[in-house]
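Please look over the sequence and the 3D structure below before reading on. The paragraphs that follow lead from one part to the next, and it may help to keep the view open while reading.

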There are 2 protein chains.
Amino acid sequence: MEPGAGQVQGSGRWAAGACVLTGASRGFGRSLARLLAPRLGEGSVLLLLARSAAPLAELAAELRGSVSGLRVECVAADLGCEQGLGRAVAALQEVLPAASPGRLLLVNNAGSLGDISKSFLDLTDPGEINSYFAFNVTSALCLTSAALRAFGERPGSSRTVVNVSSLCAMKPFKNWALYCSGKAARDMMFQVLALEEPDVRVLNYAPGPLDTDMQLLARTKTRDPEMRQYFQCLQENGKLIDCTVSAQKLVDLLEEDTFCSGAHVDFYDI
Amino acid sequence: MEPGAGQVQGSGRWAAGACVLTGASRGFGRSLARLLAPRLGEGSVLLLLARSAAPLAELAAELRGSVSGLRVECVAADLGCEQGLGRAVAALQEVLPAASPGRLLLVNNAGSLGDISKSFLDLTDPGEINSYFAFNVTSALCLTSAALRAFGERPGSSRTVVNVSSLCAMKPFKNWALYCSGKAARDMMFQVLALEEPDVRVLNYAPGPLDTDMQLLARTKTRDPEMRQYFQCLQENGKLIDCTVSAQKLVDLLEEDTFCSGAHVDFYDI
């Protein structure tokens, strides 16, 4: 552990409550978990979800060891299948009603790129496309409705839902039909939530081009050579963003809490 | 049949080719079929798809009786299930390779509203949400890739794909999380197609608030009373658009063929 891990920079710990984070085992999710954990007030619970059990358990152990008074739970589940999603929802329903009433923070971070070695015209298998939307859209919707229901409306509490979005929600990219349309669907869905639930704070946060496994896929597997070149240049020119830097911007946004509910906020906007 | 049905207004019949239209049995799709059929050149084929067999067969018989030299085929299939989508794709693969080479026009019109009596927080059943996206997003993607592959690239031919979109692709509405996010996903997916296939003309056409069964559902079933009131007022104030009027605007757009490929064009923009 680096010196200072487990110590909060900035405005100290938040009100006790509950935080749920999907896609927590690596990349942006793991960086965010490490930044959020020390901020969660004494008596809070942090529920981490991801597909990969081992790195998830490792992260949970690390956070338990570094942050006092924080209960860290994890559920290894594939949110793209109904059984995995069901286990995740069951965990929410167990943990959230008993959580301290101060604050609920749900971060829908889990996501996949889809098979970017394919063109639009190669997308002919409905099973593949349905699986993509089940994981990337349906699970975020169901987890959000389940979490808000399980936590409930409590006087004086705050509830915040973050959708980890992308520039791809706003702008099309060749060979990324699934990723772009999935991100567009999510942004819109969370805009509807913001309209319906004025007491819930909703943020679509586009974290910028992160230096993650997803970018490695982007620059090596994207079918279109110009697109591969574009992503290659991002890396070569040092334009990829460290996950911790982007996760810190999200934490700052949540602390300032001045964003317009339902807004799409990009790393580069702030 | 009204006087003049089967007669072409405007610039006469198009080059012979193939036209595929989903959701053809009623509403906007049926109006569009009636306007398109007399425009399709001698030797063309018109393939109509919808869930309801009887009204589909009735429409096909009407068009066969009124337009000479046009082959009209229909497939009654539920595009939301893999078996129905498979039959639709098989029909495309049978009909399109043999079609006259001049022109392919595919109109992805089929769509559903989702259960608008529910709020976002009521959307907890992944099966319901997955079914919604299978019908409204996956089927449009698979039919489009299958149609473009089956028709193929032919020198001198034109290929146009229309996505029947909505204001809801751009703007959130309470209780319409599924409809809004499905339409947003479709618009984005077809923008990606436009980028990838510069020889294919792609149009996201928002037909305006149509005087259809869907609007009846909107003003009677939407959970939020203010939303119901809004849709009620549209009807009472004569703001709903006749399907034929909006379908004619789409036909005009296709004839002029000056839209920017991938653009979202609204009835009220033109």
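Across which strands does helix H2 (residues 53-66) of chain A lie? In this predicted model, helix H2 of chain A lies across strand S2 (44-50) and S3 of chain A, and H2 runs at about 180 degrees to S3(A).

These two strands belong to an open sheet of chain A, in which seven strands follow one another in the order S3-S2-S1-S4-S5-S6-S7 and the pairing is parallel. Strand S3 (70-76) and strand S7 (263-266) of chain A stand at the edges with a single partner strand each, so one side of each is left without a neighbour in the sheet. From one strand to the next, the twist averages 15 degrees. At the S7 edge, four bridges join strand S6 (residues 200-206) of chain A to S7(A), the two running parallel, and here A:Tyr205 stands opposite A:Val265.

Strand S4 (residues 103-108) of chain A deserves a closer look. On one side, five bridges join S4(A) to strand S1 (residues 17-22) of chain A, which runs parallel to it, and A:Ala18 stands opposite A:Leu104. Six bridges join S4(A) to strand S5 (residues 158-164) of chain A, again in parallel, with A:Arg103 opposite A:Ser158. Between S4(A) and S5(A) the chain crosses through helix H4 (residues 126-151) of chain A, and this β-α-β crossover is right-handed.

Are the residues of S4(A) buried or exposed? A:Arg103, A:Leu105 and A:Val107 point one way from the strand, whereas A:Leu104, A:Leu106 and A:Asn108 point the other way, and all are buried. Because six of the six residues of S4(A) are buried, the strand is largely enclosed by the rest of the structure.

In soluble globular proteins, nonpolar side chains tend to be buried together. The largest nonpolar core of this model has 122 residues, and those with the most contacts inside it are A:Leu96, A:Trp176, B:Leu96 and B:Trp176. Leaving aside residues up to four places away in sequence, B:Trp176 touches residues that include A:Val192 and A:Glu196 of chain A, as well as B:Leu113, B:Ile116 and B:Phe231 of chain B.

How, then, are the two chains arranged? A rotation of 180 degrees, with 0.0 Å of shift along its axis, superposes chain B on chain A with an RMSD of 0.0 Å. The two copies are thus related as by a two-fold rotation axis, and in chain B the C-alpha nearest that axis is that of B:Ala185, 2.4 Å from it. Since 100% of the interface residues of chain B are also interface residues in chain A, the copies meet through the same surface.

Note on methods:
Residues are numbered from 1 along each chain as its sequence is written. Chains are lettered from A and ligands numbered from 1 in the order in which they are written. This is a predicted model: local features need pLDDT of at least 70, side-chain atom pairs count only at pLDDT 80 or more; totals for chains, interfaces and linings use all residues. Side-chain values use heavy atoms; hydrogens and water are left out. A nonpolar core is a set of buried Ala, Val, Leu, Ile, Met, Phe, Trp, Tyr and Cys residues joined through side-chain atoms within 4.5 Å. Buried means under 20% relative accessible area, exposed over 50%, partly exposed in between (1.4 Å probe, protein chains only). Contact means heavy atoms within 4.5 Å. Copies are superposed by least squares on the C-alpha atoms of residues with pLDDT of at least 70 in both. Two strands pair if DSSP finds at least two bridges between them. A crossover is right-handed if, with the strands pointing away from the viewer, the path from the first strand over the helix to the second runs clockwise. Axes are lines fitted to C-alpha atoms, for helices over the stretch in contact, and angles run from 0 to 180 degrees between N-to-C directions.
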